[in-house]
Amino acid sequence: MALFDAALAASAAAVEAMLERVLPEDGGPERRLFEAMRYSTLGGGKRLRPFLVLAGAKLFGVPEAQAARAGAAVELVHCYSLVHDDLPAMDDDALRRGRPTCHIQFDEATAILAGDGLLTLAFEVLAEEATHPEPEVRASLVLALAKAAGAHGMVGGQMCDLEAETRTLSLEEIKRLQRMKTGALFAFSCEAGAILGKAAAAERQALLAYAEDLGLAFQIADDLLDAEGTELEVGKRVGKDAGAGKATFVSLLGIENARKEAQRLVQRARSSLAIFGEKGEPLCELARFVIARRA
Ligand code: GRG
């Protein structure tokens with residue numbers, strides 16, 4: 001586990017250095033926007049999605065500088081989603097990553113613009129030549145991230161999530177919602193390395209199968225933390241789902257069965273990586289981490 005912690009810290013450091021480089025700073029009258037973008041991106045976070053990009057890219061011998069750009073792009077989209085998710089019109093949260101949320105630290109309009117700025121910057125980073133010398137590869141990355149983040153992916157999932165506040169969803173409906181809301185970005189993160197490294201179809205399929213189970217296991221762990229964790233540990237408000245009367249994996253399965261389901265999914269995620277042999281070990285370790293984490 002110490003080895004995995006070191007690998008996660010190293011990948012986070014590589015991506016944070018890239019984020020530091022690509023995020024705008026200084027500026028004239030728009031300086032406040034730049035500050036809000038940097039505040040929302042550089043202040044903590046586990047950097048799980050960039051880890052998936054870097055570990056996946058390593059399987060195919062992709063240079064780390066290229067992988068770090070794709071990792072930074074997915075983290076920018078993730079951070080934008082958190083900024084918008086915290087807004088009063090959405091979850092209305094004041095605490096994120098142990099600090100005031102963007103609209104509390106700045107103001108609502110600035111938080112909306114900061115989210116917009118982060119989302120569009122992600123595509124700029126992917127489209128730049130430094131991400132990959134071949135335009136087709138860059139276009140594939142842009143397309144995959146657009147699909148994952150958009151109406152058939154994360155944003156669509158968020159819409160379904162809002163609907164979940166007005167009626168009780170079934171387990172199948174919750175799985176679909178979570179595959180879109182959180183799973184799609186996990187899937188992109190796993191696919192990005194395969195796109196950069198022009199992986200064979202079977203390898204790409206294996207990574208996608210891993211990502212699907214990992215995403216659901218991650219969400220069950222998130223539901224468990226919401227039900228059992230403390231605000232201090234998790235760095236954000238907890239007990240939200242029960243408070244909103246929302247059906248979740250935990251409310252439908254119960255704590256024990258939800259935990260067992262997360263373990264089953266992690267086992268299956270790990271078995272999808274068999275094709276990579278020992279080289280798949282960092283991704284196996286990440287799957288274990290995702291359900292053992294306390295934040
Ligand atoms: C366009 C208004 C608008 C919204 C965008 C908000 C949104 C669409 C989607 C929401 C996506 C979202 C917030 C999903 C929650 C996923 C989740 C549990 C995030 C926390 O992820 P971690 O644990 O966080 O990886 P850290 O802080 O470690 O990065």
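## H4 against H9

H4 and H9 run roughly antiparallel to each other, because an angle over 145 degrees counts that way and theirs is about 165 degrees. This is a predicted model, and in it H4 spans residues 64–85 while H9 spans residues 171–196. Their axes sit 10 Å apart, and the crossing is right-handed.

Who does the touching? On the H4 side you'll find Gln66, Ala67, Ala70, Val74, Val77 and His78. H9 answers with Leu185, Phe188, Ser189, Ala192 and Leu196. Sorted by class, that contact comes to eight nonpolar residues, three polar ones and no charged ones.

## H9 against H10

H9 also packs on helix H10, residues 201–228, with an angle of about 140 degrees and 8 Å between the axes. That makes the pair oblique, because the antiparallel label needs an angle over 145 degrees. Here too the crossing is right-handed.

From H9, the contact draws on Lys175, Gln178, Arg179, Thr182, Phe186, Ala187, Cys190, Glu191, Ala194 and Ile195. H10 puts in a list that includes Arg204, Leu207, Leu208, Tyr210, Glu212, Leu214, Gly215, Phe218 and Gln219. By class, you get twelve nonpolar, four polar and five charged residues in the contact of H9 with H10.

## H3 against H10

H10 has another partner in H3, the helix covering residues 48–59. These two pack at about 160 degrees with their axes 13 Å apart, so H3 and H10 are roughly antiparallel. The crossing of this pair is right-handed.

Leu48, Arg49, Leu52 and Leu59 of H3 meet Leu207, Tyr210, Leu214 and Phe218 of H10. The class split is seven nonpolar, no polar and one charged. If you scroll back to the H9 side of H10, Leu207, Tyr210, Leu214 and Phe218 are listed in that contact too.

## Around the ligand

Now for the ligand: 18 residues surround it, and the closest are Lys46, Arg49, His78, Met90 and Arg97. Two of those names have already come up. Arg49 is part of the H3 contact with H10, and His78 belongs to the H4 contact with H9.

Which polar distances are worth a look? A polar side-chain atom of Lys46 is 2.6 Å from a ligand oxygen. For His78, an N or O atom in the side chain lies 2.7 Å from an oxygen atom of the ligand. Arg49 has a side-chain N or O atom 2.8 Å from a ligand oxygen.

Methods. Residues are numbered from 1 along each chain as its sequence is written. This is a predicted model: local features need pLDDT of at least 70, side-chain atom pairs count only at pLDDT 80 or more; totals for chains, interfaces and linings use all residues. Side-chain values use heavy atoms; hydrogens and water are left out. Axes are lines fitted to C-alpha atoms, for helices over the stretch in contact, and angles run from 0 to 180 degrees between N-to-C directions. Helices (H or I, at least four residues) and strands (E, at least two) are DSSP runs, numbered from the N terminus. Angles under 35 degrees count as roughly parallel, over 145 as roughly antiparallel, 65 to 115 as roughly perpendicular and the rest as oblique. A crossing is left-handed if the near helix is turned anticlockwise from the far one by less than a right angle, and right-handed if clockwise. Contact means heavy atoms within 4.5 Å. Ala, Val, Leu, Ile, Met, Phe, Trp, Tyr, Cys and Pro count as nonpolar, Asp, Glu, Lys and Arg as charged, and the others, Gly among them, as polar. A residue is near a molecule or strand if one of its heavy atoms lies within 4 Å of it. A polar contact is a pair of N or O atoms within 3.5 Å; within protein, one must be able to donate a hydrogen and the other to accept it, and residues adjacent in sequence count only if both atoms are side-chain atoms.
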